[in-house]
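Welcome! Please take a look at the sequence and structure below, and then we can walk through a few features together.

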Amino acid sequence: MKGICILGATGSIGVSTLDVVARHPEHYKVVALTANTNIDALYQQCLVHRPEYAVLVDDGKAKELKSLLANSAATGTIVLSGVNALEQVATLDQVDSVMAAIVGAAGLLPSLAAAKAGKIVLLANKEALVMSGDIFMQAVAESGAQLLPIDSEHNAIFQCMPAGYETGMQAKQARRILLTASGGPFRQTPLDQLVEVTPAQAVAHPNWDMGKKISVDSATMMNKGLEMIEACLLFNMEPEQIQIVIHPQSVIHSMVDYVDGTVLAQMGNPDMRIPIAHSLAWPERFDSGAEPLNIFSIARMDFEEPDLGRFPCLRLAYEAIHAGGIMPTVLNAANEIAVDAFLNGQVRFTDIPVIIERSMGLFAARPADSLETILAADGQARAAAQQIASELSH
Ligand code: NAD
Ligand code: MG
């Protein structure tokens with residue numbers, strides 16, 4: 001029996017995680033659930049899963065939750081508030097596994113705290129890894145934490161790795177990773193129409209149902225750029241060893257190419273409960289609730305090379321990883337601001353890469369040798385991107 005803390009319990013990944021956990025009460029006990037402000041969803045989750053702790057970052061909302069729970073059947077749940085409470089619950093003794101499913105840089109400190117505390121870290125929060133890079137991987141190595149990827153592609157790659165493989169190691173005889181991408185909703189949209197794209201169109205992903213931020217990232221393909229950096233870190237590979245492959249059907253979730261010419265692929269329906277269940281049960285397997293793959297209903301599988309002209313965010317991610325140091329942190333921070341500005345109607349879809357590129361241009365690459373350096377670069381890049389977004393605002 002393992003204790004689990006779910007950071008970002010009310011989001012798309014958090015909800016899918018609770019769905020899988022509830023299928024296996026003999027394996028998992030819910031110790032802590034956290035959310036930013038969504039009190040209604042967290043209250044309902046407390047009633048169903050009866051965690052020891054519930055965290056709402058927002059103080060006022062946490063007070064409200066406390067009084068709601070006091071008059072409910074879940075009186076045993078302790079309500080905490082503030083950002084420090086996220087780290088507190090992620091490092092509790094009775095917590096064995098931490099699902100890191102907060103979106104964006106806000107997830108860095110609690111995810112890193114879980115890694116430093118030697119927990120089993122189920123990592124969905126790719127932004128945290130991209131911005132902290134080697135520091136995160138070092139924390140995992142030093143504490144003996146187990147880092148398991150939830151991102152469907154990275155989970156697929158992990159499953160295609162040789163027996164005994166652990167994240168951070170160099171895989172024996174694996175020469176290349178084929179990182180698949182759906183290409184998002186605008187893979188074939190005429191380029192001159194991209195300027196008109198609305199937030200509603202951008203978040204309507206063809207194959208996956210996800211949070212808003214990652215849906216926009218999928219539309220710009222920044223998601224694949226972040227995932228390329230994530231793959232370099234998790235699997236100890238060079239960017240040149242990672243080939244991005246557009247595969248619009250999203251049936252193959254990624255592949256590993258070995259020196260003898262063998263290519264191993266992991267397949268399945270596009271349902272995040274599959275990688276989540278894989279990581280929760282690892283090294284065993286258990287039911288995820290996902291529909292079995294109907295191989296006969298897949299009429300065909302297509303593969304294309306990505307067009308860096310259509311997807312400038314992908315080019316910027318390559319530039320960031322090649323520059324190294326703080327540049328992936330700057331890329332990520334500027335992207336978060338640009339996506340917010342787009343979702344709020346402040347800037348156009350095609351302004352997103354412009355904001356990121358101009359922000360990156362303001363920074364010289366310097367080593368990301370401490371957490372302080374990374375957090376400072378994150379803050380400066382956000383301020384710069386915000387300024388550029390307001391200049392572009394229409
Ligand atoms: P989401 O927007 O649906 O949920 C985000 C969660 O984080 C919510 O519970 C929210 O309360 C919490 N949160 C947001 N801002 C916060 C803050 N400032 N402080 C504390 N908590 C905060 O997002 P999602 O789609 O579930 O994605 C979560 C992470 O998983 C992202 O990093 C995303 O890239 C990654 N991921 C998601 C999917 C997917 O299918 N949704 C797939 C692969 C990877
Ligand atoms: Mg992914």
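Are Asp151 and Glu153 buried or exposed?

## About the model

This is a predicted model, in which local features need pLDDT of at least 70, side-chain atom pairs count only at pLDDT 80 or more, and totals for chains, interfaces and linings use all residues. Residues are numbered from 1 along each chain as its sequence is written, chains are lettered from A and ligands numbered from 1 in the order in which they are written, and side-chain values use heavy atoms, leaving out hydrogens and water.

## The magnesium site

Asp151 is buried, and Glu153 is too (under 20% relative accessible area with a 1.4 Å probe, protein chains only). Together with Glu227, they supply the protein donors of the magnesium ion (ligand 2), through OD of Asp151 and OE of Glu153 and Glu227, at 2.1 to 2.2 Å. Donors here are N, O and S atoms within 2.8 Å of the metal (3.2 Å for Na, K and Ca), and sites may look incomplete because water is not among the atoms. Along the chain, the donors follow the spacing D-x1-E-x73-E.

## A buried glutamine

Gln45 belongs to helix α2 (residues 39-49); helices are DSSP runs (H or I) of at least four residues, numbered from the N terminus. The residue is buried, with a relative accessible area of 10%. Leaving aside neighbours within four places in sequence, Gln45 is in contact with Ala9, Thr10, Val15, Leu18, Leu33, Arg50 and Pro51, where contact means heavy atoms within 4.5 Å.

Definitions and conventions:
Buried means under 20% relative accessible area, exposed over 50%, partly exposed in between (1.4 Å probe, protein chains only). Helices (H or I, at least four residues) and strands (E, at least two) are DSSP runs, numbered from the N terminus.
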